[in-house]
Every structure is written in structure tokens, then in C-alpha cells.
Amino acid sequence: NLRQIEAGKEQWAMETNQASTATPTQANLSPDYVKAWPGCPSGGAYTIGNMTTNPSCSTGAPHVLP
């Protein structure tokens, strides 16, 4: 799920000419870049973050991109 969110962020940034400091919202990404917003299997909440940070989950490790 985190990889899907990260890929959506990257595509959104490229297609909308965003700066590396831009922070997309879930509304920016879904449904155009992330078709169906994923839910965390552990019940946590996803943080999208800006373009220089990876998305993460509120439950912590191991729910982070390597």
C-alpha cells in the first residue's frame, strides 16, 4: 500500500509540475493516481508526506518504505 501511495505521489508531482517540497493530499491522489485508497491492514492511518519523504503508517515499523 505504501508503494502504491508513493507511486501516486510521484505521478501526481510529474503531471502537475509540483515542486519537491509539495505535499499532496488524499484528494489530490485519489482516484486519478491511486484508484482506490488503501486501508492499513493493521488499522493504522497513512501519512502521505511531502515529495521528499516516504509515506508512512501510524502503526510504525515495519510499515515504512525501505
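**Entry 1: Glu 6 and its partner**

I started with Glu 6, which is buried at a relative accessible area of 11%. The model is a predicted one. Glu 6 sits in helix 1, residues 2-15. I then asked which residues Glu 6 contacts once neighbours within four places in sequence are set aside. I found Thr 53, Asn 54, Pro 55 and Leu 65.

Next I looked for a charged partner. Glu 6 forms a salt bridge with Lys 9, and their closest N and O atoms are 3.5 Å apart. That is inside the 4 Å limit for a salt bridge. I searched the whole structure and got 1 salt bridge. Both residues belong to helix 1, 3 residues apart, so about one helical turn separates them.

Lys 9 I checked separately. Its place is in helix 1. Buried or exposed, I asked of Lys 9? Lys 9 counts as buried, at 0% relative accessibility. I listed its contacts, again without neighbours up to four places away in sequence. They are Pro 24, Leu 29, Ile 48, Gly 49, Asn 50, Met 51, Thr 53, Asn 54 and Pro 55. Thr 53, Asn 54 and Pro 55 are also on the list for Glu 6.

**Entry 2: the chain overall**

I stepped back to the fold. I counted 2 helices and 2 strands in the protein chain. Read from the N terminus, the order is α-α-β-β. The radius of gyration is 11 Å, close to the 11 Å from the globule rule for 66 residues, so the chain is as compact as a globular protein of that length. I took the extent of the C-alpha trace along its principal axes as well: about 35 × 25 × 15 Å.

I noted three totals. Of the 66 residues, 33% are buried. The accessible surface is about 4,000 Å², and carbon and sulfur atoms hold 50% of that. Among contacts with a separation of 6 or more, 52% join residues 24 or more positions apart.

**Entry 3: the core**

How many residues does the largest nonpolar core have? I got 14. Trp 12, Leu 29, Tyr 46 and Met 51 have the most contacts inside this core. Helix 1 contributes the most to the core, with 4 residues. Two of those well-connected residues, Leu 29 and Met 51, had already turned up as contacts of Lys 9.

I followed Tyr 46 further. Leaving out residues up to four places away in sequence, Tyr 46 touches Asn 1, Leu 2, Ile 5, Trp 37, Pro 38, Gly 39, Cys 40, Pro 41, Ser 56 and Cys 57.

That list led me to Leu 2, in helix 1. Leu 2 is buried, with a relative accessible area of 9%. Beyond four places in sequence, Leu 2 contacts Tyr 46, Pro 55, Ser 56, Cys 57, His 63, Val 64 and Leu 65. I took the C-alpha separation of Leu 2 and Pro 55: 6.1 Å, for residues 53 apart along the chain.

**Entry 4: the cysteine pair**

Tyr 46 also touches Cys 40 and Cys 57. I wanted to know whether sulfur atoms were bonded anywhere. The disulfide count came to 0. Why is Cys 40 without a bond to Cys 57? The two sulfurs are 3.3 Å apart, too far for a bond, because the cut-off is 2.5 Å. Cys 57 is likewise in no disulfide, and its nearest cysteine sulfur is that of Cys 40. I checked burial for both. Cys 40 is buried at 11% relative accessible area. Cys 57 counts as buried at 6%.

**Entry 5: backbone checks**

I finished with the backbone. Most residues other than glycine have a negative phi, and most peptide bonds are trans. I logged two exceptions.

One is the peptide bond from Ser 30 to Pro 31, which is cis, with omega near 10 degrees. Pro 31 lies in the loop between helix 2 (26-29) and strand 1 (46-47).

The other is Asn 17, a residue other than glycine with a positive phi, near 55 degrees. Where does Asn 17 lie? I placed Asn 17 in the loop between helix 1 and helix 2. Asn 17 is exposed, at 71% relative accessible area.

Methods:
Residues numbered from 1 in each chain as written. Predicted model: local features only at pLDDT ≥ 70, side-chain atom pairs only at ≥ 80, totals over all residues. Heavy atoms only, no water. Contact = heavy atoms within 4.5 Å. Rg over C-alpha atoms; globule rule 2.2 N^0.38 Å. Buried < 20%, exposed > 50% of the residue type's maximum accessible area, 1.4 Å probe, protein only. Areas by Shrake-Rupley, 256 points an atom, 1.4 Å probe, with all protein chains shown as cover. Core = buried A, V, L, I, M, F, W, Y, C linked by side-chain atoms within 4.5 Å. Salt bridge = Lys/Arg side-chain N within 4 Å of Asp/Glu carboxyl O.
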